[in-house]
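Colleague: Please pick one part of this model and go through it closely. I would like to follow how the chain is paired there and what lies against it.

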Amino acid sequence: MDWNHYRFRSLWTLSAPAATVYGALERIEDYPLWWPQVREVTRLDDTSGIVTIRSLLPYDLTSTVREGRRDRETGVLEAGLSGDIDGWARWTVTGLGAHGCLAHYEQEVDVRKRLLRLLAVPARPVFRANHAMMMRAGRRGLAAYLEAV
């Protein structure tokens with residue numbers, strides 16, 4: 001087992017229409033407005049940027065995010081990541097009829113940050129819990145943001 005390799009999956013049920021959620025998720029530069037753990041996003045061009053995240057644990061992760069796939073018809077947003085974490089992340093947004101939508105998040109990454117690599121075995125459960133807290137906060141933040149706009 002590669003202790004520095006992670007696969008994450010989150011499902012967010014949101015009361016907003018799928019097109020509205022997709023629109024919010026494709027504007028990565030706005031993530032810091034509603035997702036507290038996304039500390040900074042700096043656009044490099046139309047399809048890439050640098051993102052810094054920090055959840056409960058006292059470390060930042062900075063990666064370059066490059067658009068891979070953007071398909072509004074299927075609700076898919078996919079990006080490659082390189083930096084402190086290397087890999088990919090994907091949102092798939094699907095409608096739930098009159099009940100809003102489901103935003104399915106998948107991520108597969110390898111950790112490159114030295115400290116996290118050194119702590120990979122003993123701290124793995126803590127790193128996974130830290131990610132889960134970040135995702136819960138993101139869902140709450142997006143839901144509140146969508147209600148306000």
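Modeller: Two strands are taken as paired if DSSP finds at least two bridges between them. The model is a predicted one, and the part I have picked is its sheet.

The sheet is open and has 7 strands, in the order β1-β7-β6-β5-β4-β3-β2, with antiparallel pairing. Strands of a sheet pair through backbone hydrogen bonds, either parallel or antiparallel. The two edges are held by β1, residues 5-14, and β2, residues 38-45. Each of them has a single partner strand, so one side of each lacks a neighbour in the sheet. From one strand to the next, the twist averages 20°.

Start at the β1 edge. The partner here is β7, residues 101-111, and the two strands run antiparallel with 10 bridges between them. Within this pairing, L14 sits opposite C101 of β7.

On from β7 comes β6, again in the antiparallel sense, with 11 bridges in the pairing. V93 faces A103 of β7 across this pair. β6 and β7 also form a hairpin with 5 residues between the strands, and in that hairpin G97 takes a positive phi near 70°.

The next pair is β5 with β6. These strands are antiparallel as well and are joined by 6 bridges. V76 stands across from T92 in β6. This pair too makes a hairpin, here with 1 residue between the strands.

Two helices can be placed against the sheet. Helix α1, residues 18-26, packs on the sheet and touches β1, β2, β4 (61-71), β5 (76-83), β6 (85-95) and β7. The direction of α1 makes about 160° with that of β6. Helix α4, residues 120-148, lies across β1, β2, β3 (48-53), β6 and β7. Relative to β1, α4 runs at about 25°. Both edge strands, β1 and β2, are therefore among the strands that α1 touches.

One last point concerns the segment before β1, where W3 is placed. W3 belongs to a nonpolar surface patch of about 350 Å², which M1 and V121 make with it. The relative accessible area of W3 is 36%, so this residue is partly exposed. To count towards such a patch, a residue needs over 30% relative accessible area. V121 falls within the residue range of α4, 120-148, so the patch takes in a residue of that helix as well as W3 from the segment before β1.

Methods
Residues are numbered from 1 along each chain as its sequence is written. This is a predicted model: local features need pLDDT of at least 70, side-chain atom pairs count only at pLDDT 80 or more; totals for chains, interfaces and linings use all residues. Side-chain values use heavy atoms; hydrogens and water are left out. Helices (H or I, at least four residues) and strands (E, at least two) are DSSP runs, numbered from the N terminus. Axes are lines fitted to C-alpha atoms, for helices over the stretch in contact, and angles run from 0 to 180 degrees between N-to-C directions. Contact means heavy atoms within 4.5 Å. Patches are made of residues with over 30% relative accessible area and no salt bridge: like charges are joined within 9 Å, nonpolar side chains (Val, Leu, Ile, Met, Phe, Trp, Tyr) within 5 Å. Accessible areas come from the Shrake-Rupley method with a 1.4 Å probe; for residues, only the protein chains shown count as cover. A salt bridge is a side-chain nitrogen of Lys or Arg within 4 Å of a carboxyl oxygen of Asp or Glu. Buried means under 20% relative accessible area, exposed over 50%, partly exposed in between (1.4 Å probe, protein chains only).
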